[in-house]
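Let's take a walk through this model together. Have the sequence and the 3D view open as you read.

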Amino acid sequence: MKFDSNWLEKATAEAYELLLTLAQIPAPSGKEEKRAAFCLDWFRNAGVEAFVDDALNVICPMGDRGDNPLVVIMAHSDVVFPDLTPLPLRVEDGKIHCPGVGDDTANAVAVMMAAKYVAQNKLIPGETGLLLVVNSCEEGLGNLRGTRALMDRYGDRITEFISLDGGRNSIVDEAVGSHRYKIEVETEGGHSFGAFGNRNAIAYLASLIDTLYTMKVPDMGRTTYNVGTISGGTSVNTIAQHAEMLYEYRSDVREALEIMKKHLMAAVEFYRAKGVEVKVTLLGDRPCSGDVDPLAKQALFNRTAAILNRHFGVEPGHSSGSTDCNIPLSLGIPAVCLGGFRGSGVHTREEYLEIDSIPEGIGLALDLTLQYFE
């Protein structure tokens, strides 16, 4: 089913204003309450059936009869920035400048507009129902909580999964898994002069980091590691009693993740054997792809690629990434991740979106949605 191009032209102005409003609402991962409440009110005012679950997903069920197959089309509401006050926004030179405007607020707006189009035109999906979702906790330490909750609620009824997030030149259909940890070191510390010779937690943490960075990554797929933050100590004249870091490793091969875990734990045990207290807390566990039926996976990719090509004239390739698709892919469900907007500066305070790409992104979301309607 094709959408009415006249509707898209009229809806673009509304989508622009919606984007300006939504982009300024703070939404760190796990604290998306304000955006969820706004989206729920907007959906209901637009005549779209919707509800918010315990994970702060805003879910619009269409043709859900309780036992029929379902397809998910989603975009996440959270941003990487910790702001709890309105995010700074300005419009100039044909661009909307705002942290998180492209990742992933614009795509959330596209999903919202697609839901409104379906409701306004009283469209009914076929045998397979649809869930249009503005989901939570995709970024950072959100650990994909929103998608996990969605899969727990609907289980194996979900047959395909589309996440609007990212660019238009490739389609993510393979999951990059990761383990994320907070690692804390405790020592006796003391006064830098009076207790000189006591063990320093910062020194031991630094030594542990150096050990982790000597590892040769497994020779399978692509594997990376990173220490993202470090903190600790009390003052310049205090031997640090406490130091901690955030550490992650990633891979698109499940076995490589296990090898990285063994190396980490071996390094930790080495320092524990020295009498140093090392505490390891798992903060995030994003799974790699499971056993996805190759024919079903390719079929979803081909349909998605054809829609991208029709809109933008691109021949997208396969790619891997860490996205909301990790969860369905790990469960053997075909899933793809892509986006339709133009901009730059993702995950920086300088992020911007090109205004003239707004109808392009909405058009993509509409076509992806309407392929499931007769």
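Before we look at helices, here is how their angles work: an axis is a line fitted to C-alpha atoms, for helices over the stretch in contact, and angles run from 0 to 180 degrees between N-to-C directions. Helices (H or I, at least four residues) and strands (E, at least two) are DSSP runs, numbered from the N terminus. This is a predicted model, where local features need pLDDT of at least 70 and side-chain atom pairs count only at pLDDT 80 or more, while totals for chains, interfaces and linings use all residues. Residues are numbered from 1 along each chain as its sequence is written, and side-chain values use heavy atoms, with hydrogens and water left out.

Now for two helix pairs.

| Helix pair | Angle | Axis distance |
|---|---|---|
| H1 (residues 5-24) and H3 (residues 101-120) | about 135° | 10 Å |
| H2 (residues 33-45) and H3 | about 25° | 11 Å |

H1 and H3 are therefore oblique to each other, whereas H2 and H3 are roughly parallel. The cut-offs: angles under 35 degrees count as roughly parallel, over 145 as roughly antiparallel, 65 to 115 as roughly perpendicular and the rest as oblique.

H1 crosses H3 in a right-handed way. On the H1 side, the contact (heavy atoms within 4.5 Å) includes Trp-7, Leu-18 and Leu-22, and on the H3 side Val-109, Met-112 and Tyr-117 are among the residues involved. By class, this contact has 14 nonpolar, two polar and two charged residues. Here Ala, Val, Leu, Ile, Met, Phe, Trp, Tyr, Cys and Pro count as nonpolar, Asp, Glu, Lys and Arg as charged, and the others, Gly among them, as polar.

Which residues of H2 meet H3? They are Arg-35, Cys-39, Trp-42 and Phe-43, and their partners in H3 include Met-112 and Lys-116. This contact splits into six nonpolar, one polar and two charged residues.

H3 also holds Asp-104, and the peptide bond leading to Asp-104 from Asp-103 is cis, with omega near 15°. Another backbone oddity to look up is Asp-93, in the loop between strand E4 (90-92) and strand E5 (95-97). Asp-93 isn't glycine, yet its phi is positive, near 55°.

Asp-103 turns up again in the largest pocket: of the 49 residues lining that pocket, the closest to its centre are Val-80, Asp-103, Glu-138, Glu-139 and His-347. The lining divides into 17 nonpolar, 19 polar and 13 charged residues.

Note on methods. Left-handed = near helix turned anticlockwise from the far one by under 90°. 1 Å grid on protein atoms, 1.4 Å probe; cavity = no way out; pocket = protein on both sides within 12 Å on 5 of 7 lines; lining within 4 Å.
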